[in-house]
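Q: I am new to this model. Please take a close look at one part of it, the interior, and go through what you find there step by step.
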Amino acid sequence: MNHKELEMCIRTYGKDIYSFCCHLTQNRQEADDLYQDTFLTAIELLDRLDAGRNPKSCLLSVAVNQWRNRKRKFAWRRRITGTQVSIDDMEAELPMVQETVEEAMIFQEEARMVRKAVAALPEKYRLPVLLFYMEDLKVAEIAAVLKLPQGTVKSRLFQARKVLQKELEVVLSET
């Protein structure tokens, strides 16, 4: 891949990668940093990236690896200093396509509950869910991004769906 092809990838997939970073970090500032680091790493890896294969999947893989490295460093620093930092919930704006204000409010509340439930999943379930439903990647592509066997990805998606179904049934039955 050359610089022009990378620029084209940024124009084509930049919003998707940024959105994925926002969902992954659940914090705008961290998402900005992760997004920048993802493309800086992509520039460093230009000679190893193949524009003909699946550049979006490759960039998502870089973002996931960068995120894991950040988490590892953060955990190490937290062990050393003994401090704990909380991550604020991110409220993404969703387009309103409902006809009435009441329907729009119900839709926004349901979407907020789903985002909250997905954010509460353990990372091993959250990553495949975000890649499958948000980025529309196939199981094989997710397996390549996460460097896992396809069967493991399928299993984690299944388990995540069960947890989400159970969680959302409880939340929706309370309202």
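A: A residue is buried if its relative accessible area is under 20%, exposed if over 50%, and partly exposed in between (1.4 Å probe, protein chains only). The model is predicted, so local features need pLDDT of at least 70 and side-chain atom pairs count only at pLDDT 80 or more, while totals for chains, interfaces and linings use all residues. Numbering runs from 1 along each chain as its sequence is written, and side-chain values use heavy atoms, with hydrogens and water left out.

Start with the frame. The chain has seven helices and zero strands (DSSP runs numbered from the N terminus: H or I of at least four residues for helices, E of at least two for strands). Along the sequence the pattern reads α-α-α-α-α-α-α. Of the 175 residues in the chain, 34% are buried. Contact here means heavy atoms within 4.5 Å. Among contacts with a separation of 6 or more, 64% join residues 24 or more positions apart.

Now the core. A nonpolar core is a set of buried Ala, Val, Leu, Ile, Met, Phe, Trp, Tyr and Cys residues joined through side-chain atoms within 4.5 Å. The largest one here has 41 residues, and Phe20 and Leu131 have the most contacts inside it. Two or more residues come from each of H1 (3-25), H2 (28-44), H3 (55-81), H4 (101-120), H5 (123-134), H6 (139-146) and H7 (150-174). H1 gives the most, with seven residues.

Look closely at Leu131. Leaving out residues up to four places away in sequence, Leu131 touches Phe20, Leu60, Asp136, Leu137, Ile142, Val145 and Leu146. Phe20 and Leu60 appear again next to Glu135. With the same sequence neighbours left out, Glu135 touches Asp16, Phe20, Lys56, Leu60 and Leu130. Glu135 sits in the loop between H5 and H6. Its relative accessible area is 4%, so Glu135 is buried.

Next, the aromatic rings. Rings of Phe, Tyr and Trp (its six-membered ring) pair if their centres lie within 6.5 Å; planes under 30 degrees apart count as stacked, over 60 as edge-to-face, and the rest as tilted. The count is three aromatic pairs. Tyr18 and Tyr35 have ring centres 5.5 Å apart and planes at 90°, which means the pair is edge-to-face. This pair links distant parts of the chain: Tyr18 is in H1 and Tyr35 in H2, 17 residues apart. Tyr18 is partly exposed, at 22% relative accessible area. Phe39 joins Tyr18 and Tyr35 in one aromatic cluster.

Phe132 and Tyr133 also pair edge-to-face, at 4.8 Å centre to centre and 85° between the planes. Both are partly exposed: Phe132 has a relative accessible area of 25%, and Tyr133 has 47%. Arg161 lies over the face of Phe132, 5.5 Å from the ring centre (the rule asks for NZ of Lys or CZ of Arg within 6 Å of the centre and within 35 degrees of the ring normal).

Last, the cysteines. There are zero disulfides (pairs of cysteine sulfur atoms within 2.5 Å). For Cys22, the closest cysteine sulfur is in Cys21, 7.1 Å away, so it is too far for a bond. Cys22 is buried, with a relative accessible area of 3%. For Cys58, the closest cysteine sulfur is in Cys9, 8.7 Å away, also too far for a bond. Cys58 is partly exposed, at 28%.
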